[in-house]
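Open the model in your viewer and keep the selection tool at hand. We will start with the whole chain and then stop at single places.

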Amino acid sequence: MASVTPVALPEKFGNFDLVKRVKLDFTDVQVSKWQSRVTGLSVVHLDYEAPIVNGYFVVGTEIFDDSGCPHTLEHLVFMGSEKYPYKGIIDHLANRGFSNGTNAWTDNDHTAYTVSTAGEQGFLQIIVPYIDHILYPTLTKAGFVTEVHHIDPKGQDSGVVYSEMQGRENTSGDLMALRLQRLLDPPGSAYRSETGGLMEALRVLTIEQIRKYHSTYYVPHNLSLIVTGKLSSGTSTLLSVLQEKVEPNLIAHGQNLGPRPTGWKRPFVETASAIRPPIKETVKDLVEFPENDESVGELIITFLGPAPNEFLERKALEIIGTYLTSSPVAPLNKEYIEIDTPLCTYIYFSEDTRATALYMAIYVGSIPTEHIDKFDTQLKASLQRVVTEGIDMERMAMVINRDERQLRSKLESAKGDTFSGTIINDFLYGAEDGSELEASMDEMNQYAAVRKWTSKQWTDLLQKYYIDPHSVVVRGKPSASLAAKLESDEKARVAAQVERLGPEGLKKAETELEEAKAEHDKPIPTEILLDFAVPSVKSIAFIPVQSLQEPGTGRAPAARVPDSEALSEYIESDGSSLPFFVQYDHVESDFVSVHALFSLTKLPHRLRPLISTYLSAFFALPVVRQSGERLTHEDVVNKLDNETVSYDVGLGVGGLFAETFRISIKVETAHYETAIAWLRDLMYGAVFDKERLQVTIAKIQQSLPEMKRDGNTVLGSLWADLLHSDASTSRAGGILPQIDFMPKLATQLSEKPEQVIADLEEIRRYAADPSGVRFSVTGNVLKLNKPRSTWAKYFATALPEKTLSPVPLSSQTLSELGEKPVNKAVVMSLPTIESSFVTYSTKGIKGFNHPEYPAFRIALEVLNATESYLWRYIRGSGLAYGAYVSLDVESGLLSFSLYRSSNSMSAYKEASNVLKGLVDGSISLDTTTLDAAKSTVVYGVAKNVSTAGRAALVSFTNQALRGVPQTHQVDLLEQYQVVTKEDVLGIFKKYFLPLFDASSSVAIVVTAPAKQDEIADGLASSGFSVEKRTLEIDPEELAEHDHDCDSCESGSEFDSDSESDDRS
Ligand SMILES: [Zn+2]
């Protein structure tokens, strides 16, 4: 189906030769791949219309040990370069050009550096210094000390990378993944390595090792620049920047050795890592991970897959995985999960690209410990049975169609970015002449091909990859004694280290750290920054949204949105006005989403903990349709999968308005009525069937232990517990209340099921009260048949005319402490973590149109921006992996949070000192910092409305929920531009100083047991009244419960409205 366009554009541009051009017929994305014949630098441009330009600078990073060179290097690249020898300057430059800073990741086989900008100007500017950083970083000893590893004055190991790996190394995920690599990959293969760096190795790593590694792999012929988005003169705009400003510098460094210098071996493909013999016999191994609750464990079963360029076979394997596990009625879910006592909470098929053969891993989570040993044998028997019984071809057709619809939907919103992963793999593993590029992207053709497959072809595939061959099985078991051992070992190790270093050694380490910090504090000359022009806000093309709100008969009409006449006429020509609230937001699209929001304000508090169970069961209950037709839960799941692109239920939108119950259904425009009919039937027609509830509750209970292991999840729940009241639905759904609630619910369901069912009926009655219902239609409204009267057809009887109550807000559900956050500190110990997760909160500003908001938003950005104050003083000193301030205007709370902190009290003091310094003038706030903050806010606003779906959704949430004009955030852009330094300092003084004062703030901490006392003492000496808690649960009690957060924090498009000022 795909075809190469005739060569109309030049095949040469300066040093660059066109390697391949691809035009796929199912999308307007044009792809061209180029390579410099002089330096070997390769470039791929995915060209399409969009307000955001994304760049991925990818280096193939192969390493044969656990030193962590690829990962440490990733961090060090941001510490300055030959032409720009200042720590963090790259982010300052990016921030000026309408970006939110740079980012990067290190995978098993590559390191990718990324940047996104609103509009092209900032992007074209940043390329040159970014490549200078990647190819010619300073790699100083000082950078190593703060960013990678050092010993702090107390004798503890610290540093940004070290802290990050400390937070990861002993988690079940990392422990199991590493063991798997060791078992699966033969000696000599780089795939065995921990590319992040093991703590033990990081403690002895040197900057010289990293420099050597850099000189081998960070070379132009091993670097690919992937750009997605629109440039004014197409790809030649990009190539001319590279030709004129990048190539000369590479050549000056003697890197004009062509695409294949003598002796160069392509990483992975031409090294020992490519040697991949079949797995000779099945290996089963056990990994223990630290966890006091020993009730459930995990499992990974890995098989060898096809070669990376067997694209059709890969697609088919992906589809068979979906067929087996994608919904409650999928064969494996039915057998293992959707039962009274689940054998696990998820089964997930994945693939990892490797040079010779893919790794096909099956991940299984929350398996009751007593079932772990037999699980893989049982699973194999199940797969064998699927082969014997054959494939349900009707379900298979549904799975393929749905997958294809979802890809089309993703293509519409993400465009060329959809292919970034594919292009990275092509760079690492694909044919160098670009001959595999087209086939790798041609997914629609792959769908067409597998649609013709027979049941036999599918079962042969299963047999070939998952039944006949040997595998590597890694079982992960929780161990309370290991948790205790790790803790005491670490204490002993640090004590020995202190002993070994002695006061002098510690002093020396401290001096070294101080000197390193001083070196980084070297100010960036303002001229370099000013050289980078700040683009004009007007240069960004925002997506227009036509909008019409009909609040319902007898209710005050909303202000009309300009340029929406076509939409108004179209809606008003269909039937008569409705008694209830519907807002229509039109954009160009092949899809439409309908959303229903129900207020939970009137719900009795005792019912709130039950909401998460209701959410989890929501799409998997039997339903009586409006027609009277009765559907089993399996019918419901099958039909929904067959008729929709996606469906989702949750609390609120994008982290806001959590006191509303939301249902969203996305369909192709032709199926608009189907979507509305489902909204009605799912809400009013669901049958609270005892068996189904039992399954849901069992599943939730089983996933609790895994959630409880996560420091951030526990912190969120503890925070909500203290700052919100019984009136808060989201608080009731947190992990801590659910641990208590779920066992009781399970007992109640078995003893008095009618009571649980009555409670759920009661929830529905309250939620469906006509005074609190709002509907939204976002997508191609002008293409819809009967856009308005279809609502009447399904909801007229259920929703008679009634006064509309206000949108419920989280500010109405604060506890006494939330209303007045002063003095209190709670420090909870959690045995599964080694670092700390912390949030401090105080009063901020409240409301969606507060006059101080523009200055506040800039103030937040000034502190949060990558390489700005918090980053430099906290992350840069290795005190925490993340540190940020956030403002929740819905509840009116301002917070300071630390993520994976190795020393949370020092981090707190640093933040406090920064704020005091800024306010008293001893730390200066430069114009360039202010410019960068403003520019980053522009990026945030543009990104938030960068796709048609997002733009339509923001139009709805603004008018219907926030009570502000349709384009509120874009309208504010001009106000941000006039915010002054004094405005920002005023906000710091008025709101941020109280955040760092115990008499006007609260502190919530979740930390490793070993750190609890120290942190509690630190907080007490800062003036907090401290309470210590321990998260411990009787394992037997725990064996029976849960809460499924998938429903509360789903990743749907409806949740992607991120204008909540909460950046992490
Ligand atoms: Zn990292």
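Helices (H or I, at least four residues) and strands (E, at least two) are DSSP runs, numbered from the N terminus. This is a predicted model, where local features need pLDDT of at least 70, side-chain atom pairs count only at pLDDT 80 or more, and totals for chains, interfaces and linings use all residues. Residues are numbered from 1 along each chain as its sequence is written, and side-chain values use heavy atoms, with hydrogens and water left out.

**Whole chain**

Select everything. The chain holds 39 helices and 29 strands. Its C-alpha trace spans about 75 × 70 × 65 Å along the principal axes. What radius of gyration does the chain have? It has 29 Å, which agrees with the value near 31 Å for a compact globule of 1064 residues. The radius is taken over C-alpha atoms, and the globule rule is 2.2 Å times the number of residues to the power 0.38.

Now colour by burial. Buried means under 20% relative accessible area, exposed means over 50%, and partly exposed lies in between (1.4 Å probe, protein chains only). Of the 1064 residues in the chain, 62% are buried. The chain exposes about 38400 Å², and carbon and sulfur atoms supply 51% of that area. These areas come from the Shrake-Rupley method with a 1.4 Å probe; for residues, only the protein chains shown count as cover.

Turn to contacts, meaning heavy atoms within 4.5 Å. Take those between residues at least 6 apart in sequence: 80% of them join residues at least 24 apart.

**Two annotated spans**

Select residues 66-129. UniProt places "domain: Peptidase M16 N-terminal" here, in an unreviewed entry. The span is 39% helix and 27% strand, and its end C-alpha atoms lie 30 Å apart.

Next, select residues 205-401. The unreviewed UniProt entry gives this span as "domain: Peptidase M16 C-terminal". Here the chain is 39% helix and 20% strand, with end C-alpha atoms 51 Å apart. UniProt positions follow the numbering used here, feature names are shortened, and annotations may be inferred rather than shown by experiment.

**Near the start of the numbering**

Select Leu-24. It sits in the loop between strand 2 (16-23) and strand 3 (30-36). Leu-24 counts as buried because its relative accessibility is 0%. Draw a line from Leu-24 to Ala-767: they are 743 residues apart in sequence and 47 Å apart in space, C-alpha to C-alpha.

Go to Ser-42, in strand 4 (residues 42-47). Is Ser-42 buried or exposed? At 5% relative accessibility, it counts as buried. Leaving out residues up to four places away in sequence, Ser-42 touches Trp-34, Gln-35, Pro-220, Leu-223, Ser-224, Leu-225 and Phe-427.

**Two positive phi angles**

Most residues other than glycine have a negative phi. Select Phe-98, which is not a glycine but has a positive phi of about 60°. Phe-98 lies in the loop between helix 2 (89-96) and strand 6 (99-106). It is buried, at 2% relative accessibility.

Now pick Ser-366. Its phi is also positive, about 50°, and it is not a glycine. Ser-366 belongs to strand 14 (residues 359-368). With a relative accessible area of 1%, Ser-366 is buried.

**Two enclosed helices**

Select helix 5 (residues 160-168). Because 7 of its 9 residues are buried, helix 5 is largely enclosed by the rest of the structure. Among the buried ones are Val-160, Tyr-162 and Met-165.

Move to helix 14 (residues 420-429). Here 7 of the 10 residues are buried, so helix 14 too is largely enclosed by the rest of the structure. Its buried residues include Ile-423, Leu-428 and Phe-427. You have met Phe-427 before: Ser-42 touches it.

**Two partly exposed stops**

Select Leu-286, in strand 11 (residues 283-290). It counts as partly exposed, at 37% relative accessibility. Beyond its neighbours within four places in sequence, Leu-286 is in contact with Arg-179, Arg-475 and Lys-477.

Finish at Pro-965, in the loop between helix 35 (948-962) and helix 36 (968-977). Pro-965 is partly exposed, with a relative accessible area of 47%. Apart from neighbours within four places in sequence, Pro-965 is in contact with Asn-958, Gln-959 and Asp-971. How far is Pro-965 from Ser-955 in space? The distance is 8.2 Å, C-alpha to C-alpha, and they are 10 residues apart in sequence.
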